[in-house]
Structures are given as structure tokens and as C-alpha cells.
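Take a look at the model below. Then follow the text through it, one part at a time.

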Amino acid sequence: MLYAKLLSAAVALLAIDTSSSFGCPPPERLSRLLKATDSGEAPIILMPCCYDGITARLVAQAGFNATFMTGFGVSGANGYPDTQLVSFNEMVLAASKVAEGLSSAALETVKYGEPDYTGEPPVAIPCIADGDTGYGNAINVKRTVFGYARTGMAGMMIEDQVAPKRCGHVAGKAVIPFDEAVQRVKAACDARDEYEALFGKGTGPLILARTDSLVTDGFEDAIQRCIAFREAGCDMTFLEAPQTVEQMQEYCQRVTGPKLANMLEYGNTPILPPHELQQMGYTIAAYPLTLLSASIKTMQESLQLIKEGEPTLDKILPFAETKDIVGFSKYSKEEDRYKC
């Protein structure tokens, strides 16, 4: 019930800001959401993570006001673990598919271009893309920011792990030295500003700076890194894998600006209700693997039923609903619209 109330309030915020957001660049739209939450005018941003066109459409169709393209999800959908086996170009391609899914869902939601269109402007929800380690040195980091910006991403996460990186909740992590991590974040922020200089105010992807040093170098080092990332110019911080509520509270007390809580089910971080996270000082509650894990579980159960010769109707949607979700209804209307 609480989740539903928060979601309803978030959707109401988007409705209030719709007219001023018409034609608004995705980074600017994300910036407005962050400011509204930080000021207390809006609830914490609930951010289910997507990884392809269909998951992006589902998040948008469910009424959420932001999403995150998870590298774990993109890797998993391609049959790989999250160990940076997926290349920069593959991630940019995934971001393009996510952006297209979000755009198509926005147009369908308001029936844009249809006879019964009410005039409400379509608003594609903003998405933060996983930039991993930036795929090389500081210059590669800048290229990664530009690549995601061109796909329409509202933000990019950059982290301080050694390449090849891995999921923040598994063993074997290592981080780069403190000063190098700060320079990596600074390069991302410079690229954001350079993109804006080229294409206008509000077009540069917001930078979410993540540290994984809590496990490797201790909690105090992780806090100092987040503080230094803010001084380098990042828009948001993300302290990965705090292990106690006390660590989460101290992070929120000592680090300024918007902060992301990573609500990974069965991970190392306590799972807290959204209202508690916001009271603590978090701006975003991300759910990185919920959609991927839920789909895997349902597919495994369906496969087992097929193997046993049992019906799968309890596991699937009616065909008509599946067609509608992937866009057949809109496609048919578009076909009719342009018939000679």
C-alpha cells in the first residue's frame, strides 16, 4: 500500500510538471526529479532497472518516473555474467534499444497522433545508463559519456573498480587508487559539461559516481571517495554495498547531494522501505535485478512445466495482452494512419 501511495505521488509530480517538461532534454528532466525529491516536494524516486526494449517499456507502462539501464541485466540478457565481457559498443546499442522502448511507451501512453489524442505532451521517462569503469582511461570515460548522451540517456554511472569490473555484491572486487578514481569521475563530469557546451543547457548526462571501496579499503575510505567525487563535480553518489543500516545513515549524513540506495534482494545491503530510505537521506531507490530475476524464475518454472507436459497458462499472459505490451496495437493504428 505504501509503495502504491509513493508511486501515485511520483506520477502526480510528473503530471504537474508535464507542460514545462515538453521537449525537455532527458538530463534536465532527471535533474528536476532529483531536486523535487531532495527538497521534500516529491517522494523518493523508485527506479526499477531495465536492460532492453521490453523491460524499458514495462517500467514506463507501469507508471514509474525514472529507470536505470543495468549492466548486470544487459550482460545477463546476452548470456554473460556481469564481469565486463560486454563491450562499450554493445552497451551503447542496448541504451539505444532502451531509449526507443521508453519513447514508444510515452507516445502510446498519451495516444499521441491518434484521433482521440487529448493534447497531453508525451514524456519519456529519464534513464541512467551503467558506464561501468568507462572502458579504458579518462579519455575513454569521456567517449562513453558522449556515446550514452547521443542515445538519449539522462545520466551515466561511473565507478572506481579495476577493469574488468564485476557486480558490486560478489567476491573478487578491486578498486583503483583514490586519486585515479577522482580523475575518472572528473573526466566524466568534464564530458558532461563539454556535451552541454556543444548541444545546449540540460543536454549533458548527469553523472552518478559510484565507489566499491567499502569492501576493499573500508567504510571511511568509501566516504572520503564519495566526498571527493562531489568536489570533482558529480551530480549524484552511490556508495555500493553498505552492510548495515548504520553505515547507510552515516553515508547520508556525511555526503552531500542526491544519493542512490541499491536495493538488491538477497544482496549485502539491508532492504528498507522507500519512506525509510528517504527519511535517511536517499534520493533514489534502485531495484537492479528484480525484473531480470523475476523473469528468470518464471521462465525456469515454465520450462519445467513444458518438460512435464503440463499447461503453462498460469505463468503467461493472454496473447492479446502480450501483443499490446510489445506494441502491436500501436503498430496497427500507425498502419491505418498512413494507408493510401
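The paragraphs below go from a strand to a helix, then to a loop and a surface patch. Keep in mind that this is a predicted model.

Start with strand S1, residues 45-50. How many of its residues are buried? The count is 6 of 6, so the strand is mostly covered; buried here means under 20% relative accessible area. Now check the two faces of S1. Ile45, Met47 and Cys49 lie on one side, and they are buried. Leu46, Pro48 and Cys50 lie on the other side, and they are buried too. Both faces of S1 are covered.

Which strands pair with S1? One is S8, residues 284-287. S1 and S8 run in the parallel sense and share 4 bridges. Find Ile45 in S1: its bridge partner in S8 is Ile284. Another is S2, residues 67-69. This pairing is also parallel, with 2 bridges. Here Cys50 stands opposite Met69 of S2.

Next, move to helix H9, residues 219-232. It has 14 residues. At 1.5 Å a residue, H9 should span 20 Å. Its end C-alpha atoms are 20 Å apart, so the expected span and the model agree. Just after H9 comes Gly233, with a positive phi of about 115 degrees.

Several residues of H9 are buried, among them Phe219, Ile223, Cys226 and Phe229. Charged names appear in the list as well, including Asp221 and Arg225. What do the buried residues of H9 pack against? Three partners are helices: H7 (178-199), H8 (213-217) and H10 (245-254). Strands S5 (206-211) and S6 (236-239) are partners as well.

Now turn to a loop. Ile271 sits between strand S7 (260-262) and helix H11 (274-280). Is Ile271 buried or exposed? Its relative accessibility is 43%, so Ile271 counts as partly exposed. Leaving aside residues up to four places away in sequence, Ile271 touches Met263, Leu264 and Glu265. Compare Ile271 with Ala261: they are 10 residues apart in sequence. Their C-alpha atoms are 9.3 Å apart in space.

Finish on the surface. Ile54, Leu58, Val326 and Phe328 form a nonpolar patch there. Together they have about 330 Å² of accessible area. One of them, Leu58, belongs to helix H3, residues 53-61. Leu58 has 38% relative accessibility, so it counts as partly exposed.

Notes: Residues numbered from 1 in each chain as written. Predicted model: local features only at pLDDT ≥ 70, side-chain atom pairs only at ≥ 80, totals over all residues. Heavy atoms only, no water. Patch = residues over 30% accessible without salt bridge, like charges linked within 9 Å, V, L, I, M, F, W, Y side chains within 5 Å. Areas by Shrake-Rupley, 256 points an atom, 1.4 Å probe, with all protein chains shown as cover. Salt bridge = Lys/Arg side-chain N within 4 Å of Asp/Glu carboxyl O. Buried < 20%, exposed > 50% of the residue type's maximum accessible area, 1.4 Å probe, protein only. Expected span 1.5 Å × (residues − 1). Contact = heavy atoms within 4.5 Å. Pairing = 2+ DSSP bridges.
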